[in-house]
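Got your viewer open? Turn on the cartoon, keep the selection box handy, and let's take a walk through this one together.

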Amino acid sequence: MDRQVLEVSREFNALLMTEDNDFGEWIFAHKEKTTGVVFLRYEAKDIYEIINTVINLLDKYNDSLSGKFTVVTVNKIRIRDIT
């Protein structure tokens, strides 16, 4: 199923936003191609804070997230090239 989600994101040239940490394995260990992933790591109580963080992330970085694996927590954003 994860592979199919990655295929759809590539087909539409879309950034994949997920809470599923399996995508990191697909991209880095299995070398699956992607247009970019934003992985959200947060606790349920932090939902409103993570929403604001994602809005700010998209406003600030916009198109530069393409080809990146981005991990977003309430307190930190880590952007890494996918190689």
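Which residues are buried in α3? Keep in mind that this is a predicted model. Select I50, T53, V54 and L57: those are the buried ones in α3.

**Stop 1: helix α3**

Now select residues 47-61 to see the whole of α3, which has 15 residues. At 1.5 Å a residue the helix should span 21 Å, and its end C-alpha atoms are 21 Å apart, so the two agree. Turn the view until you look down the axis of α3: the buried residues fall within an arc of 100°, so they line one face of the helix. Swing round to the other side of α3 and pick Y48 and D59, which are exposed. What lies over the buried residues? Show β1 (16-18), β2, β3 and β4 (77-81), which are included in what covers them.

**Stop 2: two asparagines in loops**

Step just past the end of α3 and click N62. N62 sits in the loop between α3 and β3, and has a positive phi of about 40° although it is not a glycine. Most residues other than glycine have a negative phi, so this kind of spot is worth a pause. For another one, go to N13, in the loop between α1 and β1. N13 has a positive phi of about 50°, and it is not a glycine either. Is N13 buried or exposed? With 61% relative accessibility, N13 counts as exposed, because the cut-off for that is over 50%.

**Stop 3: the largest nonpolar core**

Select L6, L16, F23, I27, V37, F39, F69 and V71 and show their side chains: these eight residues make up the largest nonpolar core. Colour α2 (22-28), β2 (37-40) and β3 (68-72), since each supplies at least two residues of this core. There is another core apart from it, with seven residues, including V38, L40, I50 and L65. In soluble globular proteins, nonpolar side chains tend to be buried together.

Stay with I27 for a moment. Leaving aside neighbours within four places in sequence, I27 is in contact with L6, E32, T34, V37, F69 and I82.

**Stop 4: an aromatic pair**

How many aromatic pairs does a search of the whole structure find? One. Select F28 and F69 to see it: the pair is edge-to-face, 5.3 Å centre to centre, with 70° between the planes. F28 is in helix α2 and F69 in strand β3, 41 residues apart, so the pair links distant parts of the chain. F69 counts as buried because its relative accessibility is 8%, and buried means under 20%.

**Stop 5: I82**

Next, find I82 in the segment after β4. At 23% relative accessible area, I82 is partly exposed. Not counting neighbours within four places in sequence, I82 is in contact with I27, F28, T34, G36, G67, K68 and F69, so you will meet both partners of the aromatic pair again here.

**Stop 6: S9**

Finish in helix α1 (residues 2-11), where you will find S9. S9 counts as buried, at 5% relative accessibility. Draw a distance from a polar atom of the S9 side chain to the backbone oxygen of L6, and you should get 2.8 Å. Leaving out residues up to four places away in sequence, S9 touches A14, L16, T34 and T35.

Notes
Residues numbered from 1 in each chain as written. Predicted model: local features only at pLDDT ≥ 70, side-chain atom pairs only at ≥ 80, totals over all residues. Heavy atoms only, no water. Core = buried A, V, L, I, M, F, W, Y, C linked by side-chain atoms within 4.5 Å. Buried < 20%, exposed > 50% of the residue type's maximum accessible area, 1.4 Å probe, protein only. Helix = DSSP H or I, 4+ residues; strand = E, 2+ residues; numbered from the N terminus. Contact = heavy atoms within 4.5 Å. Expected span 1.5 Å × (residues − 1). Arc of directions from axis to C-beta. Polar contact = N/O pair within 3.5 Å; in protein donor to acceptor, adjacent residues only side chain to side chain. Phe/Tyr/Trp six-rings, centres within 6.5 Å; stacked < 30°, edge-to-face > 60°.
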